[in-house]
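Reader: I am new to this structure and would like a close look at a single part of it. Please take one place and work outwards from there.

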Amino acid sequence: MPATATPLVRLTGVGKTYGNIRALHGVDLDVRPAEVSCVLGDNGAGKSTLIKIISGVHRHTEGELRIDGEPVRLSSPREALGRGIAAVYQDLATVTLMPVWRNFFLGSELTRGRGPFQRLDIARMKAVADAELRAMGIELDDLDQPVGSLSGGQRQSVAIARAVHFGARVLILDEPTAALGVKQSGVVLKYIAAARERGLGVVFITHNPHHAYLVGDHFTVLRLGTVELSAARADVTLEDLTLHMAGGAELTALKHELARTAGVDTKALPGEDGTER
């Protein structure tokens, strides 16, 4: 996708304050079709606040948010969803004892008949859910099984396919691999790549630079509510990303302090240029 294309979502100097507390300040971010924009940061870096601004949970208090080039101030998640922005949170908003197909249509069930004769169109919901899951490369043997019986990676994948089916053009994924093992994390990363192949703009929130680097096209590292790093994939290495996640200049200062401490080997720590010494 050409970099000159109008971003689906553009944040310019966006910030958010809660009373006297500034949670986010001066954040720039572009979300483009068929790209994965990775937002990284430690706890308290501002990732959750950024998600809430883009998904309509909170309004920004500084800067500008544009959707399809139009300045907006989202007032609710429903408004954001109406504009094609869907967030998939860690809890996934699923009902563990309900079958997969029912969770897929939770809150948007298909019906047939009219008036007192209206009833759920179970056959059509199963067929649509199966088709949409297969389009994302997800093949489940039994859509009647409780969604809680699926692995963590499979549940994340169902949530992603559900968002795509209901019109998401921008998909925000909140730490989808945080509680998963290596194999299940790989499953989720596969479907993030699949969403990109379908032309979605994906915002991948994570604290894991290795996961981000596997699928990311652009990387934004937040630190204490501000941007520590903003770089395209071609302009950053995994080592650079890891160094900025670790605090960059602060890590270098820590290395110099540790170098003066007897019994501490600092040779393997990243140097000032981000390389191993």
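How many bridges join strand β11 to β12, and in which sense do the two strands run?

Author: The model is a predicted one. Strand β11, residues 218-223, is joined to β12 by six bridges, and the two strands run antiparallel. One of the bridge pairs is Thr-220 with Ser-230 in β12. Helix α8, residues 238-246, packs on the sheet here and touches β3, β11 and β12. The direction of α8 makes about 20° with that of β11.

The sheet itself is open and has six strands, in the order β6-β9-β10-β3-β11-β12, with mixed pairing. Its edges are β6 (85-88) and β12 (226-232); each has a single partner strand, so one side of each is left without a neighbour in the sheet. On average, neighbouring strands are turned by 15° against each other, direction ignored. Strands of a sheet pair through backbone hydrogen bonds, either parallel or antiparallel.

Next to β11 in that order stands β3, which spans residues 35-40 and includes Leu-40. Leu-40 counts as buried because its relative accessibility is 0%, where the cut-off for buried is under 20%. Beyond its neighbours within four places in sequence, Leu-40 is in contact with residues including Phe-219, Thr-220, Val-221 and Leu-222. These four positions fall within β11. Leu-241 and Met-245 are also among the contacts of Leu-40, and both positions belong to the range of α8. Other contacts of Leu-40 include Lys-47, Thr-206, Asn-208, Pro-209 and Ala-212. Between Leu-40 and Leu-229, the C-alpha to C-alpha distance is 9.5 Å, although 189 residues separate them in sequence.

Leu-40 also has a place in the largest nonpolar core, which has 47 residues. Leu-40, Leu-133, Leu-140, Leu-171, Ile-192 and Phe-219 are the members that touch the most other members. Apart from this core lies another, of 25 residues, with Val-14, Val-31, Ile-172 and Ile-205 among them. In soluble globular proteins, nonpolar side chains tend to be buried together.

Towards the other edge of the six-stranded sheet, α5 lies across β6 and β9 (170-174) and runs at about 170° to β6. Helix α5 (residues 152-165) also meets helix α6 (residues 182-197): their axes come within 8 Å and cross at roughly 15°. The two helices are therefore roughly parallel to each other, and α5 passes α6 in a right-handed crossing. On the α5 side, the residues that meet α6 include Gly-152, Gly-153 and Ile-160, and their counterparts in α6 include Val-187, Val-188 and Tyr-191.

A second open sheet has four strands in the order β2-β1-β4-β5, with antiparallel pairing. Here β2 (21-31) and β5 (70-72) are the edge strands, each with a single partner, so one side of each is left without a neighbour in the sheet. Neighbouring strands in this sheet are turned by 35° against each other on average, direction ignored. Seven bridges join β1 to β2, and Val-9 stands opposite Val-31 in β2. Helix α1 (residues 47-54) lies across β1, β2 and β4; Lys-47, at its start, is one of the contacts of Leu-40.

For the chain as a whole, there are nine helices and 12 strands, and buried residues make up 44% of its 277 residues.

Notes
Residues are numbered from 1 along each chain as its sequence is written. This is a predicted model: local features need pLDDT of at least 70, side-chain atom pairs count only at pLDDT 80 or more; totals for chains, interfaces and linings use all residues. Side-chain values use heavy atoms; hydrogens and water are left out. Buried means under 20% relative accessible area, exposed over 50%, partly exposed in between (1.4 Å probe, protein chains only). Contact means heavy atoms within 4.5 Å. Two strands pair if DSSP finds at least two bridges between them. Axes are lines fitted to C-alpha atoms, for helices over the stretch in contact, and angles run from 0 to 180 degrees between N-to-C directions. A nonpolar core is a set of buried Ala, Val, Leu, Ile, Met, Phe, Trp, Tyr and Cys residues joined through side-chain atoms within 4.5 Å. Angles under 35 degrees count as roughly parallel, over 145 as roughly antiparallel, 65 to 115 as roughly perpendicular and the rest as oblique. A crossing is left-handed if the near helix is turned anticlockwise from the far one by less than a right angle, and right-handed if clockwise.
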